[in-house]
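Student: Could you take me through the salt bridges here, one pair at a time? I would also like to see the strands and the packing around them.

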Amino acid sequence: MTIVVLTIFKLILLLLLYLFLARALRVVTADLYGPRKAAPAAQRPAVAAPRTTRRPKKAPRELVVHVSDRKPTVIPLTNGRVVLGRADNVDVLVDDPYVSDLHAELVETDEGWAVRDLGSTNSTFLNGAKVTQPTLVGAGDQIRLGKTRIEVRR
């Protein structure tokens with residue numbers, strides 16, 4: 001009886017060893033040659049190209065910069081261009097370690113105000129979507145630079 005139990009235990013361990021080796025080989029080949037299938041849409045990161053043709057409902061007049069530990073700062077949109085970042089020569093200084101020196105800009109166009117990423121390290125997001133091209137903004141939109149949230153108001 002003991003020999004039968006030991007033999008079954010030995011076969012189970014041998015099966016587990018082969019399963020482990022098969023998984024290890026699969027991981028190594030996936031690292032070398034890439035995954036077989038593309039990841040399902042639910043697992044892909046959300047990098048949606050923002051809509052550029054939408055017409056803002058209301059033309060924005062000001063930006064409200066929300067920093068986590070300070071009072072919000074209101075910036076009027078009077079110039080034709082507003083540059084956001086950490087550099088000394090920007091229009092709106094954003095004191096956030098995740099914001100680049102020249103992070104983003106808002107530019108007045110014929111259709112209204114548009115936000116554009118200036119090649120920042122951590123990207124610019126408009127209403128949760130990554131900004132990949134100049135995108136129109138309207139009152140009520142949310143712009144995120146690093147951990148700083150900027151509200152667009154009328």
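Tutor: Happy to, and one definition comes first: buried means under 20% relative accessible area, exposed means over 50%, and partly exposed lies in between (1.4 Å probe, protein chains only). This is a predicted model, in which local features need pLDDT of at least 70 and side-chain atom pairs count only at pLDDT 80 or more, while totals for chains, interfaces and linings use all residues. Residues are numbered from 1 along each chain as its sequence is written, and side-chain values use heavy atoms, with hydrogens and water left out.

Searching the whole structure turns up 3 salt bridges (a side-chain nitrogen of Lys or Arg within 4 Å of a carboxyl oxygen of Asp or Glu). Let's start with R81 and E105, whose side chains meet at 2.4 Å, N to O. This pair brings together distant parts of the chain, with R81 in strand β3 and E105 in strand β5, 24 residues apart. Strands here are DSSP runs of E, at least two residues long, numbered from the N terminus.

E105 has a second partner: its side chain also forms a salt bridge with that of R116, at 2.6 Å, N to O. Again distant parts of the chain are linked, this time from E105 in β5 to R116 in β6, 11 residues apart. R81, E105 and R116 are thus members of one salt-bridge network. Within it, E105 counts as buried at 4% relative accessibility, whereas R81 is partly exposed at 45% and R116 is partly exposed at 34%.

The remaining pair is R153 with E151, whose side chains meet at 3.4 Å, N to O. Here too the acid is buried, E151 having a relative accessible area of 18%, and the arginine is partly exposed, R153 having 33%.

Now for the strands behind the network. An open sheet of 5 strands runs in the order β4-β3-β5-β6-β9, with mixed pairing (two strands pair if DSSP finds at least two bridges between them). β4 (92-93) and β9 (135-136) are at its edges with a single partner strand each, so one side of each has no neighbour in the sheet. At the β4 edge, β3 and β4 pair in the parallel sense over 2 bridges, and G85 stands opposite L93 in β4.

Strand β6 also holds D117. Leaving aside residues up to four places away in sequence, D117 touches H103, A104, S123, T124 and V131 (contact means heavy atoms within 4.5 Å). Its C-alpha atom is 8.9 Å from that of L102, 15 residues away along the chain.

Finally, the packing. The largest nonpolar core (buried Ala, Val, Leu, Ile, Met, Phe, Trp, Tyr and Cys residues joined through side-chain atoms within 4.5 Å) has 21 residues, and L63, V82, L84, L106, V137, I143 and L145 touch the most other members. At least two core residues come from each of β1 (62-66), β3 (81-85), β5 (104-108), β6 (113-117), β10 (142-145) and β11 (148-153). L106 brings us back to the network: not counting residues up to four places away in sequence, L106 has contacts that include R81, along with L63, V82, V115 and I143.

Key:
Helices (H or I, at least four residues) and strands (E, at least two) are DSSP runs, numbered from the N terminus.
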